[in-house]
Amino acid sequence: MSTLDIRGLGVTYRGAASPALAGVDLRIDSGEFVVALGASGCGKTTLLNCIAGFVDPTEGEVRLNGEPILGPGAERGVVFQKYALMPWLDVKLVLDVWSRTHKTVFFITHSVEEALFLATRLVLMTPGPGRIAEVHELPFAHEYLISRDARAVKSSPAFIEWRERLTRHLHETLREAA
Ligand SMILES: Nc1ncnc2c1ncn2[C@@H]1O[C@H](COP(=O)(O)OP(=O)(O)OP(=O)(O)O)[C@@H](O)[C@H]1O
Ligand SMILES: [Mg+2]
């Protein structure tokens, strides 16, 4: 079992007027598929880079099994996506690999559908400064892995309700930023 513990994490880039990330608390347990969703500039990449050890926190810390993360390590891999969104076949493939390997995943996206389908836990972020607004456990990844019917999962009333709620939330964030 491994645990990633993010406590009071803040990042202010050199020369920046305001923090890119502020007061982020998140614990990720072994085998979770955590997805960070949020509008551009909410700090998703900054958070990922702190976990990867590519960016050093200016406040707080990230610990893996109690040890502070001081740089990249062989036990943490980063996969860069070529496009902003994955084709649906790849989304299903990612879930398949995750379920077979029991890896812990931290995944970032702008796509509400991608986030809902993949996440066992969804981290909804907001910008100015980048923060975690909401965290939710979700059933859809497990539902897909049992049924193998992506279309049925995505057209279920629960999925649609979540999709509409999150889409509204993202639009409101964008309107506030405008
Ligand atoms: N290297 C950097 N130097 C200065 N500011 C930065 C740097 N990288 C990111 N920022 C700023 O920090 C904030 C968070 O950026 P970050 O890239 O983490 O957000 P994001 O959620 O990944 O955005 P996107 O969805 O556009 O990829 C933004 O205001 C961004 O302009
Ligand atoms: Mg980014």
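**Exercise 1. Determine whether Gly-73 is buried or exposed in this predicted model, and locate it in the fold.**

Solution. Step one is the neighbour count: Gly-73 has 12 C-beta neighbours inside 10 Å. Step two applies the cut-off, under which a residue with 12 or fewer such neighbours is exposed. Gly-73 therefore counts as exposed. Step three places the residue: Gly-73 belongs to the loop that joins strand E5 (67–68) to H2. Finally, the C-alpha atom of Gly-73 lies 7.7 Å from that of Ala-52, although 21 residues separate the two along the chain.

**Exercise 2. Establish whether the length of helix H2 agrees with its number of residues, and describe the residue that follows it.**

Solution. Helix H2 covers residues 88–101, which is 14 residues. At 1.5 Å a residue, taken over one less than the number of residues, the expected span is 20 Å. The end C-alpha atoms of H2 are 20 Å apart, so the two values agree. After H2 comes His-102, with a positive phi near 60°.

**Exercise 3. Identify the backbone features at Asn-65, Arg-148 and Pro-129.**

Solution. The point of reference is that most residues other than glycine have a negative phi, and most peptide bonds are trans.

- Asn-65 has a positive phi, near 50°. The residue sits in the loop between strand E4 (59–64) and E5, and counts as exposed because it has 11 C-beta neighbours inside 10 Å.
- Arg-148 is not a glycine, yet its phi is positive at about 60°. Its loop connects helix H4 (140–147) with helix H5 (150–154). With 11 C-beta neighbours inside 10 Å, Arg-148 also counts as exposed.
- Pro-129 is preceded by a cis peptide bond from Gly-128, with omega near -5°. Pro-129 is found in the loop between strand E7 (121–126) and strand E8 (131–137).

**Exercise 4. Describe the largest nonpolar core and the contacts of Ala-141.**

Solution. Begin with the extent of the core: it comprises 43 residues. Those with the most contacts inside it are Phe-33, Val-35, Leu-118, Ala-119 and Ala-141. Strand E3 (residues 33–38) is the element that gives the most to this core, with five residues. Next, take Ala-141 and set aside its neighbours within four places in sequence; the contacts that remain are Phe-33, Leu-95, Phe-117, Leu-118, Ala-119 and Thr-120. As a general background, nonpolar side chains in soluble globular proteins tend to be buried together.

**Exercise 5. Characterise the surroundings of ligand 1.**

Solution. The shell around ligand 1 holds 13 residues, the closest being Tyr-13, Ala-20, Ser-40, Thr-45 and Thr-46. By class, the shell consists of eight polar, four nonpolar and one charged residue. By element, helix H1 (residues 44–52) supplies the largest share, three residues.

**Exercise 6. Assess the overall fold and decide how compact the protein is for its length.**

Solution. The protein contains six helices and eight strands. Read from the N terminus, their order is β-β-β-α-β-β-α-β-α-β-β-α-α-α. The radius of gyration is 16 Å, close to the 16 Å given by the globule rule for 178 residues, so the protein is as compact as a globular protein of that length. Along the principal axes, the C-alpha trace spans about 45 × 40 × 25 Å. Of the 178 residues, 31% count as buried. Lastly, among contacts between residues at least 6 apart in sequence, 65% join residues at least 24 apart.

Terms used:
Residues numbered from 1 in each chain as written. Chains lettered and ligands numbered in written order. Predicted model: local features only at pLDDT ≥ 70, side-chain atom pairs only at ≥ 80, totals over all residues. Core = buried A, V, L, I, M, F, W, Y, C linked by C-beta atoms within 7 Å. Buried ≥ 20, exposed ≤ 12 C-beta atoms within 10 Å, placed from the backbone. Helix = DSSP H or I, 4+ residues; strand = E, 2+ residues; numbered from the N terminus. Contact = placed C-beta atoms within 7 Å. Near = placed C-beta within 6 Å. Nonpolar A, V, L, I, M, F, W, Y, C, P; charged D, E, K, R; others polar. Rg over C-alpha atoms; globule rule 2.2 N^0.38 Å.
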